[in-house]
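Student: I would like to go through this model and ask how each label is earned. Where should we begin?

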Amino acid sequence: MAAERLVVVGGDAAGMSAASQARRLKGPEELSIVAFERGDFTSYSACGIPYWVSGDVEGPDALVARTPEEHRSRSIELHTRTEVTEIDVAGHRVRALDRDSGESRWTGYDKLVIATGARPVRPDLPGIDAPGVHGVQTLDDGRALLDSLDRAPGRRAVVVGAGYIGVEMAEAMLRRGFEVTVLNRGAQPMATLDPDMGRLVHEAMDGLGITTVNGAAVTRIDTGPDGRVTAVATDGGAYPADVVVLGIGVEPETALAREAGLPLGPHGGLLTDLSMRVTGHDDIWAGGDCVEVLDLVAGRTRHIALGTHANKHGQVIGANVGGGYGTFPGVVGTAVSKVCDLEIARTGLREKDAKAVGLRYVTATIESTGRAGYYPGAKPMTVKMLAEYRTGRLLGVQIVGRDGAAKRVDVAAVALTAGMTVEAMTALDLGYAPPFSPVWDPVLVAARKAVSAVRAAGTD
Ligand SMILES: Cc1cc2nc3c(=O)[nH]c(=O)nc-3n(C[C@H](O)[C@H](O)[C@H](O)COP(=O)(O)OP(=O)(O)OC[C@H]3O[C@@H](n4cnc5c(N)ncnc54)[C@H](O)[C@@H]3O)c2cc1C
């Protein structure tokens, strides 16, 4: 009989990273670990779904990093198809429902990890549940979409939403031979960028043969006599569809936590301290898409649903519940994506984020190439940089381009984390050879222009 029991709710990135890390630190005689996952899969990569649908990678098994059996072989008592329906904080126990037998039972815990992820936004519109309308949140969703593509009566796909999942799914459907229309409620695709950079994405999508309709609010899904989707109706007209993919965004999955009286932030995510312990609760930790994270540049919490954070949270939680030590200081808001060969990257604040927290800033936008201009295959890239007025502190970078554009943002992420000024960035010793960059890397060119903008803005 183990001295303590850890219960984990949610069997993907954050939950199973926490469980695995705790198990590395403590053997089963010291710590028993019980994990509940309501689906069939554990430790799976939802990030790979667009590339599975496009045909670039195999799925679903290849997208599973660790199966339930593998976790069990590491002495983690894992219950799949089992949903936690209640957390009794005072009683230190959770109630779990076995979805196959319909039986519910209570399990006590000494330590609890909540890693319930996020749920996709699914507006309550007529026809939203019709056959042929698909989310892409889970591997089951990916499988259902692929089956639906085989049964689609025609080759017209409508993607609702133009965030990173929307644009990745637009590429996937294009690669599957569909005629793709993306319906976007905002002014430009990729609202995580400033509109001037989003416009570049829009133009590139046009060039790829993807039709993007901005300012389109979906009002209804139309269906045929067999009940299957036939069109997506918006306030500006209807778009015929043989298949519809929803990529409208996600919200933290915190209904359980809310009912248990645990503290939620302004974006609906659980609030934690730096050790990922739920604020005010010594025995409860939370991580991944169900929590809010501190934005180190803006100085306030945000909800950012990314696997990169979820895995790190899991490591930190596992270290702490396993008797070690770890902290997650926060994020600078780095994200990369692509649509076909167009790479899209951002870190730090957009103009509207800076305004929202009262920061005055200057911007600098430059055009460059990913390789020396004379080197074969050099392709254009646009870098936009925000720096703080007066101090010149770097506030954010957005990059849209091809051939190595996206991962250049990592340099800016490091500079942001280190609190560098754009002037200090100009002296960064970045690698150069003609096949990899011009002699002045595009990020450095942007930093130089930002230095000039800071100086020109003066110090009034
Ligand atoms: C299409 C797509 C592409 C993506 N691409 C990227 C990318 O390129 N880069 C990136 O960083 N991130 C990406 N993400 C985001 C990334 O997948 C998530 O941030 C990550 O999976 C979050 O991990 P998590 O463990 O917090 O939550 P989830 O992965 O959502 O896992 C939560 C788990 O908890 C289970 N659960 C929930 N409630 C209960 C309950 N009451 N009882 C039992 N089980 C429960 C759920 O079934 C789920 O398996 C992508 C996501 C999608 C959908």
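Tutor: With the ligand, bearing in mind that the model is predicted. An oxygen atom of the ligand sits 2.4 Å from an N or O atom in the side chain of aspartate 12.

Student: What makes the pair at aspartate 12 a polar contact?

Tutor: The cut-off is 3.5 Å between N or O atoms. The pair at aspartate 12 is 2.4 Å apart, so it counts as a polar contact. The ligand, taken alone, exposes 990 Å², and 90% of that is buried by the protein.

Student: Which atoms of tyrosine 44 and leucine 306 lie by an oxygen atom of the ligand, and at what distance?

Tutor: For tyrosine 44 it is a polar side-chain atom, at 2.7 Å. For leucine 306 it is a backbone N or O atom, at 3.2 Å. With the limit at 3.5 Å, the leucine 306 pair therefore also qualifies as a polar contact.

Student: What is the make-up of the shell around the ligand?

Tutor: There are 31 residues around the ligand, and Asp12, Glu37, Tyr44, Asp289 and Leu306 are the closest. By class, 18 residues of the shell are nonpolar, eight are polar and five are charged. Helix 1 (13-25), strand 4 (82-88), helix 5 (164-175) and helix 8 (307-321) each contribute at least two of the shell residues.

Student: How do you know that strand 1 and strand 2 pair?

Tutor: Pairing takes at least two bridges. Strand 1 (residues 4-9) and strand 2 (residues 31-36) are joined by six and run parallel, so they pair. Valine 9 stands opposite phenylalanine 36 of strand 2.

Student: What is the strand order of the open sheet of five strands, and why are strand 3 and strand 18 at the edges?

Tutor: The order is 3-2-1-7-18, with parallel pairing. Strand 3 (76-79) and strand 18 (284-286) each have a single partner strand, so one side of each has no neighbour in the sheet. From one strand to the next, the twist averages 15°.

Student: Which helices lie on these strands?

Tutor: Helix 1 lies across strand 1, strand 2, strand 3 and strand 7 (111-114), at about 165° to strand 2. Helix 8 packs on the sheet and touches strand 1, strand 7 and strand 18, with its direction at about 160° to that of strand 18.

Student: What makes the peptide bond from glycine 59 to proline 60 cis?

Tutor: Its omega is near -5°. Proline 60 belongs to the loop between helix 2 (49-54) and helix 3 (68-73).

Student: What is notable about the phi of serine 75?

Tutor: It is positive, about 60°, although serine 75 is not a glycine. Serine 75 is in the loop between helix 3 and strand 3.

Technical notes:
Residues are numbered from 1 along each chain as its sequence is written. This is a predicted model: local features need pLDDT of at least 70, side-chain atom pairs count only at pLDDT 80 or more; totals for chains, interfaces and linings use all residues. Side-chain values use heavy atoms; hydrogens and water are left out. A residue is near a molecule or strand if one of its heavy atoms lies within 4 Å of it. A polar contact is a pair of N or O atoms within 3.5 Å; within protein, one must be able to donate a hydrogen and the other to accept it, and residues adjacent in sequence count only if both atoms are side-chain atoms. Accessible areas come from the Shrake-Rupley method with a 1.4 Å probe; for residues, only the protein chains shown count as cover. Helices (H or I, at least four residues) and strands (E, at least two) are DSSP runs, numbered from the N terminus. Ala, Val, Leu, Ile, Met, Phe, Trp, Tyr, Cys and Pro count as nonpolar, Asp, Glu, Lys and Arg as charged, and the others, Gly among them, as polar. Axes are lines fitted to C-alpha atoms, for helices over the stretch in contact, and angles run from 0 to 180 degrees between N-to-C directions. Contact means heavy atoms within 4.5 Å.
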